[in-house]
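Got the viewer open? Let's take a walk through this one, stop by stop.

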Amino acid sequence: MFQENYNDMISLDDLCEMLSIGKNTAYRLLKTNQIKAFKIGRIWKIPRDAVSQYVISQSQK
């Protein structure tokens, strides 16, 4: 059963703020699966852990 806290999901605007990026860059990261996320209708749902994993993977390059 899905037991995560609702706060574990962030919005596109939150993603932009967290990474200091624009919306175009955020959409590109999501559409290319560099940050794992999914859509419900037209709204992106982004797990906070996916952002952490992305940052870690980019810092190891």
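One term before we start: buried means under 20% relative accessible area, exposed means over 50%, and partly exposed is in between (1.4 Å probe, protein chains only). What you have loaded is a predicted model, where local features need pLDDT of at least 70 and side-chain atom pairs count only at pLDDT 80 or more, while totals for chains, interfaces and linings use all residues. Residues are numbered from 1 along each chain as its sequence is written, and side-chain values use heavy atoms, with hydrogens and water left out.

**Whole chain.** Start in cartoon view. You should count three helices and three strands, in the order β-α-α-β-β-α from the N terminus; these are DSSP runs numbered from the N terminus, helices being H or I with at least four residues and strands E with at least two. Of the 61 residues, 21% are buried.

**The salt bridge.** Select K23 and D13 and show sticks. Their side chains form a salt bridge, at 3.3 Å from N to O; the term means a side-chain nitrogen of Lys or Arg within 4 Å of a carboxyl oxygen of Asp or Glu. The pair ties helix α2 (K23) to helix α1 (D13), ten residues apart. K23 is partly exposed at 45% relative accessibility, and D13 is partly exposed with a relative accessible area of 45%. Searching the whole structure turns up one salt bridge.

**The core.** Now select I10, L15, A26, L30, I35, I46 and V51. These have the most contacts inside the largest nonpolar core, which has 13 residues. Such a core is a set of buried Ala, Val, Leu, Ile, Met, Phe, Trp, Tyr and Cys residues joined through side-chain atoms within 4.5 Å. The elements giving two or more residues to this core are α1 (12-19), α2 (23-31), β3 (43-47) and α3 (48-59).

Zoom in on L30. Setting aside neighbours within four places in sequence, L30 is in contact (heavy atoms within 4.5 Å) with L12, L15, I35, A37, W44 and I46.

**Helix α3.** Last stop: select 48-59 and look down the axis. A50, V51 and Y54 are buried here. Those buried residues fall within an arc of 100°, so they line one face of the helix; the arc is that of the directions from the helix axis to the C-beta atoms. Which parts do the buried residues of α3 pack against? Show β1 (9-10), α1, α2 and β3, and you have the partners. Then flip to the face turned away from the buried side of α3, where the exposed residues D49, Q53 and S59 sit.
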